[in-house]
Amino acid sequence: MTVIYVVTTGGTIEKAYSEHTGEVRNLDGKIDRYLRLLRFPDTDVRVVPLMNIDSLNMTDADRSAILRTVTGLLLEKAAILITHGTDTMVETGLYLQRALPSLEVPIVMTGAMAPLGFEGSDALQNLTESLLAARLLSPGIYIVSHNQVFPISNVRKDRSLGRFVGADEKTG
């Protein structure tokens, strides 16, 4: 049985519509509910809810909490998937890479441009693809989004395209 830890930190992937305020914001975690819709016959997916914030509000203290959690989980020698807001995902990934230079397992980061459950959302696709990538990738830190895998040292968010691209990729 393959074990994959899913560390949830919030971001758009976990945002929900509040009927009381009319806003889309981070309320309660949603990853568990969506994982129950998927089939993993030989994978034990273990969710570790850490925080539920917009990544634009993420601080160095929050990144430190992610690092502490990941460091503890690395003792299990299991792949790790981190759900994270796309706006500062690269920053957090590079922070982890500096602190964890010699990994034995892959750490995959993913998020979404539209929340889980919203029509046209990319969240469930990214979550599913990231779980498969966590099983197949070599040790290192990656962003998986929109059917693409990027090493953390060669990726950036292209806001005009609404997706991640290679750090050196020119876009129109």
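In this predicted model, strands β5 (residues 79-83) and β6 run parallel and are joined by 4 bridges. Within this pairing, the residue of β5 that stands opposite Val108 in β6 is Leu81. The two strands also belong to a right-handed β-α-β unit, with helix α3 (residues 89-99) as its helical element.

On to the next pairing of β6. Strand β7 (residues 140-145) pairs with β6 in the parallel sense, again over 4 bridges. Here Ile107 of β6 has Ile141 of β7 as its bridge partner.

Strand β6 itself spans residues 106-110 and is mostly covered, with 5 of its 5 residues buried. In a regular strand, side chains alternate between the two faces of the sheet. In β6, Pro106, Val108 and Thr110 point one way, whereas Ile107 and Met109 point the other way. Both sets are buried, where buried means under 20% relative accessible area. Val108, the residue opposite Leu81, is thus named in one set, and Ile107, the partner of Ile141, in the other.

The helix of the β-α-β unit can be read in a similar way. Which residues of α3 are buried? They are Met89, Val90, Thr92, Gly93 and Leu96. These residues lie on the same side of α3, because they cover an arc of only 165° around the axis. An α-helix has 3.6 residues a turn, so residues three or four places apart point the same way.

What covers the buried residues of α3 includes the strands β5, β6 and β7. Helix α2 (60-74) is also part of this cover, as are β9 (156-158) and β10 (163-165).

Notes: Residues numbered from 1 in each chain as written. Predicted model: local features only at pLDDT ≥ 70, side-chain atom pairs only at ≥ 80, totals over all residues. Heavy atoms only, no water. Buried < 20%, exposed > 50% of the residue type's maximum accessible area, 1.4 Å probe, protein only. Pairing = 2+ DSSP bridges. Right-handed = clockwise from strand over helix to strand, strands pointing away. Arc of directions from axis to C-beta. Contact = heavy atoms within 4.5 Å.
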